[in-house]
Amino acid sequence: MTHHSLLLILSQCVIDGRHVESEQTVRTLLGEGASPMSVLDDGLLPGMAVVGQRFRDGEMFLPQVLVSARAMKTAMAVLEPLLAASNVEPKGTVLIGTVKGDVHDIGKNLVSVMLQGNGYRVVDIGTQNPVEKYLAAYEQHRPDVVGLSALLTTTMMYMPTVIAGFRSRGIPVPVIVGGAPVTQRFAGEIGADGYAKNAVDAVDLVNRLLKRT
Amino acid sequence: MTPRERVLAAMRREPVDTVPLMCQMSIGHMLQQYRCSPADFWHDVDTFADGLVRLRELYGFDGILVSLHGHDPSWRGGIASRRMTEEYEEIVWKNGDATHYLFDDLPEHIAARPRELPPVGEVSRNDLPAALDVIPVSQGLKFFIHPAHRFDIFRTLHDRTGGMYSLHGEITSPFDYYLDFVGYQEGLIGMIDAPETVAMIMGHYAELIEELAVAMCGEGIDAIKVSSPYAGSSFISPEFYAAFVLPHEGRIARAVRAQGTEIYTHTCGAVNDRLELMFDAGVSGIECLDPEPLGDVDLADAFRRIGHRGFIKGNIDSVTVLLQGTETEIEADVRRRIETGRAHPGFILSTACSIAPRVKREHVRLLRTLVDRYGGT
């Protein structure tokens with residue numbers, strides 16, 4: 001079977017959420033001489049792109065998206081050491097966390113999974129984060145984007161405090177927001193650099209902000 | 001009509017003298033208005049009942065939704081220490097857990113030993129609880145149901161209100177119990193990986209919930225709300241809704257209606273693609289119907305599609321309208337919903353989701369004024 005055929009199969013494994021087969025196919029491709037970069041760019045990422053589009057079109061829902069992301073993650077576990085050894089960088093780094101006072105992490109975790117599934121490195125600092133923790137994590141990891149999550153109308157009011165924390169220190173990193181009660185209007189009012197309604201939109205937003213595809 | 005008669009008539013799609021008004025309030029909002037120890041409000045049946053009664057009076061609602069039941073009268077016996085801080089009231093329990101009771105939102109519970117979630121595919125019937133002893137209120141937060149005091153709250157409220165207002169109980173859907181039991185992400189993946197196990201788990205919970213709901217019907221309530229927040233299109237497809245949610249909610253709906261009690265489903269966010277499906281469970285009505293931008297339901301369209309099948313309770317946006325809007329914006333929005341709804345039998349004006357914690361008192365009181373002004377039929 002040609003590399004091209006195997007890459008198409010790999011894409012389909014991701015789309016269908018077949019994680020065992022996706023790992024096997026990656027190993028087969030590598031064993032037959034395909035470059036790790038090609039496996040990622042021509043097999044895995046096109047599969048995830050289809051998943052994102054189908055989600056936006058209402059043809060796929062979260063359970064299907066999650067199994068696709070799992071298939072991607074399983075394959076990446078094989079690829080990542082090889083990519084690192086070849087000095088291939090991830091598409092970017094995203095720092096993500098739920099804001100102070102909020103213990104909810106369902107939405108944040110879904111965004112993390114989808115970003116990882118689309119080639120980003122994610123630094124997840126968990127829940128209940130005061131501004132100081134975002135700033136410390138920024139200094140340590142130097143992310144390209146910072147994502148704030150909140151499920152509650154009370155805790156989303158802390159988002160501007162975090163944004164102000166970055167701005168007052170002259171840190172130009174884009175800060176994006178999301179969560180059940182958060183809207184585009186609210187994001188604009190608090191000076192966020194972007195708003196995503198769901199995990200798939202969050203990937204698109206980060207792609208746009210970093211001019212990645 | 002008395003307020004109770006008005007709500008009952010609307011739920012039966014019979015004529016009303018004016019559009020009924022009945023909103024569910026978040027715990028945070030109630031605490032902001034009622035002002036008491038948040039731990040007492042959470043645990044003490046008399047305090048909670050008093051809060052419900054006083055806030056109904058304050059806002060002129062035609063009914064009361066009882067979101068928590070099963071208060072343990074001896075809850076103070078489990079306390080190791082209790083203190084008040086600027087941000088919350090803290091209780092450390094004798095078992096090592098701690099709870100932070102916020103003044104404007106749900107409590108946060110910190111378990112001494114986090115529960116290990118079982119892999120979905122490995123769950124057997126023996127792993128499941130034999131009795132329904134908790135309400136999964138929110139992620140990581142449960143309210144314990146005392147088996148000997150499951151419905152004390154309703155008796156207290158009957159004594160306080162004398163049957164003037166429509167009392168509604170609340171139960172949680174089997175889907176929600178399932179996600180709480182196995183974890184949200186794992187639970188959603190499990191629907192693909194292990195659908196038979198998922199059906200077994202939900203079926204088990206449905207059996208327990210049915211028993212609870214039927215017993216609740218004997219407490220003189222007019223209706224039961226089924227809280228099913230994760231069953232919208234932000235989470236699952238209509239096909240999964242039909243396969244995993246409907247059979248179990250349908251079983252509960254049939255059992256409740258056989259008692260002569262009304263039952264309605266509350267699902268958050270985008271549900272426009274499944275309004276008809278929601279009624280396929282055999283419920284008397286549906287609640288919430290979040291409009292844009294938090295959801296995707298247009299009230300007039302909903303009445304055209306499902307108004308003949310039961311009542312609709314909603315659909316004011318509690319966040320972008322009541323919380324963030326001006327009084328002028330609120331009046332324009334709510335008036336439009338009243339005028340749309342009053343043209344049909346079976347409309348109860350309500351916020352879609354609960355009244356958010358920091359919504360101003362004046363904004364909620366405006367709802368009664370607007371119903372009195374525009375809601376006559």
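**View 1. The exposed face of helix H2 of chain A.** Val20(A) and Gly31(A) are the exposed residues on the face of H2(A) turned away from its buried side. Here a residue is exposed if 12 or fewer other C-beta atoms lie within 10 Å of its own, buried if 20 or more do, and partly exposed in between, with C-beta atoms placed from the backbone. Please keep in mind that this is a predicted model, in which local features need pLDDT of at least 70 and side-chain atom pairs count only at pLDDT 80 or more, while totals for chains, interfaces and linings use all residues. Residues are numbered from 1 along each chain as its sequence is written, and chains are lettered from A and ligands numbered from 1 in the order in which they are written.

**View 2. The buried side of the same helix, H2(A) (residues 19–31).** Helices (H or I, at least four residues) and strands (E, at least two) are DSSP runs, numbered from the N terminus. H2(A) has 13 residues and reaches 18 Å from its first C-alpha to its last, close to the 18 Å expected at 1.5 Å a residue; the expected span is 1.5 Å times one less than the number of residues. Which residues of H2(A) are buried? They are His19(A), Ser22(A), Glu23(A), Thr25(A), Val26(A) and Leu29(A). These lie on the same side of H2(A) because they cover an arc of only 165 degrees around the axis, the arc being that of the directions from the helix axis to the C-beta atoms. An α-helix has 3.6 residues a turn, so residues three or four places apart point the same way. The packing partners of the buried residues of H2(A) are helix H1 (3–16), H3 and H4 of chain A. After H2(A) comes Gly33(A), with a positive phi near 95 degrees.

**View 3. Where the two domains of chain A meet.** Domain 1 (3–85) and domain 2 (93–209) come from the domain assignment of chain A, and such bounds are from an automatic or database assignment. Taken over C-alpha atoms, the centres of the two domains are 26 Å apart. In domain 1, 11 residues are in contact with 8 residues of domain 2, contact meaning that the C-beta atoms of two residues, placed from the backbone, lie within 7 Å. On the domain 1 side, helix H3 (36–56) and helix H4 (62–85) each supply at least two residues, and H3(A) gives the most, with 6.

**View 4. Chain A against chain B.** In this interface, 19 residues of chain A are in contact with 26 residues of chain B. H4 and helix H5 (106–117) of chain A are the elements that give two or more residues to the chain A side. H4(A) gives the most, with 6 residues. The predictor gives the complex an ipTM of 0.91 and a pTM of 0.94.

**View 5. Backbone details worth a closer look.** Most residues other than glycine have a negative phi, and most peptide bonds are trans. Asn87(A), not a glycine, has a positive phi of about 60 degrees and sits in the loop between H4 and strand E1 (93–98) of chain A. In chain B, the peptide bond from Glu292(B) to Pro293(B) is cis, with omega near 5 degrees. Pro293(B) is in the loop between strand E11 (285–288) and helix H11 (299–306) of chain B. The bond from Gly314(B) to Asn315(B) is also cis, with omega near -20 degrees, and Asn315(B) lies in strand E12 (residues 311–316) of chain B.
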